[in-house]
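Visitor: Please take one loop of this model and look at it closely. Then work outward from there, step by step, to what surrounds it.

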Amino acid sequence: MTTVNRRGLLALGAASAAGAGTLGLTPAEAALTRRELTPQVTEGPYYLDPVHMRADITEGLPGIGLDVRFLIRDPTGAPLPAARVDIWHCNADGLYSGFGGDPGREPSAGQKAATYLRGAQITDAAGEVLFHSLYPGWYPGRTTHIHFKVWQGARTVLTCQVFLPDALSEFLYTQAPAYKRQQVRDTLNRTDGIAVMAGDLTLGSVREHGDRYLVSLTAVVDPAATPAVDRPPFGMGPPPGMGPPHGPPPGRPDGPAGPPPGFGPPGWPGRREVLTGEARVAALLPGKGLLAKPPS
């Protein structure tokens, strides 16, 4: 597992903490007091019905350790036990298991059969699940994110994404060996249309947790909900027998040759100008960050 300079990571604490809600509550926790439902967010083209019910989804991959905790609540604030939670995200190189890196091309046999960074668990009596994972990488057109679904029986009641602090992501992508690349990521939280529409209720709360990070998100769901799932098509079908449990698979044959805007995998041309200098620093930090001028 990759390690980086601890002092450098601690320097990011103030920037990450600035995203917390009033009175020490995260936006998601504050929403719980208002009984505000967590918003539905696009499923994206990389969902596969999990083949593993498991807590550890790393499969020995390199990267920075990340535990992902979901606290599932109903609109009254009560825990939602016995709900299934699915999780999936890309690896340090920006690849999703089961899919290749080039649009329209069949993935290698090993990549097609891979199941890394995917899994599912059932919430306990407190409405919680904890996954052992790795900090996600990135790919052109999207900011750093983790996908998840909440099920009640055979019904999906929430499809959503968790977004992580940009300052922390920037540090890891430029300092941690498993994540370093020649390219600079082109999309940040403030320039990702999906993240902007999802809003603060999908921002994960991140802290150090032993030899890894812990990201937590409280999701408020309606157990009786039957939301339509936004499932953009992709140019490739999923591995045999691994499509979603209902509805058309994400790579149905009648889909377009490539992914929709904002869903390009590694190798797909970037769609945004890369921010640099002061403009990038301003986008990375909460509010106006270090560029904010003191009041006169």
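Guide: Start with Leu117. Leu117 has a relative accessibility of 1%, so it counts as buried, the cut-off being under 20%. Keep in mind that this is a predicted model. Leu117 sits in the loop that runs between α4 and β3. Its backbone deserves a look. The phi of Leu117 is positive, about 55 degrees, although the residue is not a glycine. Most residues other than glycine have a negative phi.

Glu59 offers a second case. Its phi is near 50 degrees, again a positive value in a residue other than glycine. Glu59 belongs to the loop between α3 (27–33) and β1. Is Glu59 buried or exposed? Glu59 has 40% relative accessibility, so it falls in between, as partly exposed. Leu117, by contrast, is buried at 1%.

Back to the loop. Ala114 is found there too, between α4 (109–113) and β3 (118–122). Its relative accessible area is 15%, so Ala114 counts as buried under the 20% cut-off. What does Ala114 touch beyond its neighbours in sequence? With residues up to four places away set aside, Ala114 touches Ser97 and Gly98. Tyr96 is the next stop. Ala114 and Tyr96 are 18 residues apart along the chain, and 8.8 Å separates their C-alpha atoms.

Now follow Tyr96. Tyr96 is buried, because its relative accessibility is 3%. The structure holds nine aromatic pairs. One of them joins Tyr96 to Tyr139. The two rings are 5.7 Å apart, centre to centre. Their planes make an angle of 70 degrees, and the pair is edge-to-face. Where do the two partners lie? Tyr96 is in the loop between β2 and α4, while Tyr139 is in the loop between β4 and β5. The partners are 43 residues apart in sequence, so the pair ties those two parts together. Tyr139 is buried as well, with a relative accessible area of 2%. The pair also belongs to a wider group. Tyr46, Tyr96, Phe99 and Tyr139 form one aromatic cluster.

Next, the interior. The largest nonpolar core has 44 residues. Phe70, Tyr135 and Phe148 have the most contacts inside this core. Several elements each supply at least two of its residues: the strands are β1 (65–73), β2 (84–88), β4 (128–134), β5 (145–152), β6 (155–163) and β8 (212–220), and the helices are α5 (166–175) and α6 (193–198). β6 gives the largest share, five residues. Another core lies apart from this one. It has nine residues, among them Tyr46, Leu48, Cys90 and Tyr96. Tyr96 thus brings us back to the loop route: it is in this nine-residue core, and it is in the aromatic cluster. Cys90 is buried, because its relative accessibility is 1%. In general, nonpolar side chains of soluble globular proteins tend to be buried together.

Return to the largest core through Tyr135. Setting aside neighbours within four places, Tyr135 is in contact with Ile64, Leu66, Thr144, Leu164, Pro165, Leu168, Ser169, Leu172, Tyr173 and Tyr179. The helix α5 is worth a stop. Eight of its ten residues are buried, so the rest of the structure largely encloses α5. Those buried residues are Asp166, Ala167, Leu168, Ser169, Glu170, Phe171, Leu172 and Tyr173.

Two charged side chains sit over rings elsewhere. Arg84 lies over the face of Trp151, 4.7 Å from the ring centre. Lys149 lies over the face of Tyr47, with 5.0 Å to the ring centre.

Cysteine can be settled quickly. How many disulfides does the structure hold? Zero. Cys160, for its part, is buried, with a relative accessible area of 0%.

Last, the whole chain. The protein chain has seven helices and eight strands. Of its 296 residues, 50% count as buried. The chain exposes about 13,100 Å², and 57% of that comes from carbon and sulfur atoms. Among contacts between residues at least 6 apart in sequence, 78% join residues at least 24 apart.

Technical notes:
Residues are numbered from 1 along each chain as its sequence is written. This is a predicted model: local features need pLDDT of at least 70, side-chain atom pairs count only at pLDDT 80 or more; totals for chains, interfaces and linings use all residues. Side-chain values use heavy atoms; hydrogens and water are left out. A nonpolar core is a set of buried Ala, Val, Leu, Ile, Met, Phe, Trp, Tyr and Cys residues joined through side-chain atoms within 4.5 Å. Buried means under 20% relative accessible area, exposed over 50%, partly exposed in between (1.4 Å probe, protein chains only). Helices (H or I, at least four residues) and strands (E, at least two) are DSSP runs, numbered from the N terminus. Contact means heavy atoms within 4.5 Å. Accessible areas come from the Shrake-Rupley method with a 1.4 Å probe; for residues, only the protein chains shown count as cover. A disulfide is a pair of cysteine sulfur atoms within 2.5 Å. Rings of Phe, Tyr and Trp (its six-membered ring) pair if their centres lie within 6.5 Å; planes under 30 degrees apart count as stacked, over 60 as edge-to-face and the rest as tilted. A charge sits over a ring if NZ of Lys or CZ of Arg is within 6 Å of the ring centre and within 35 degrees of the ring normal.
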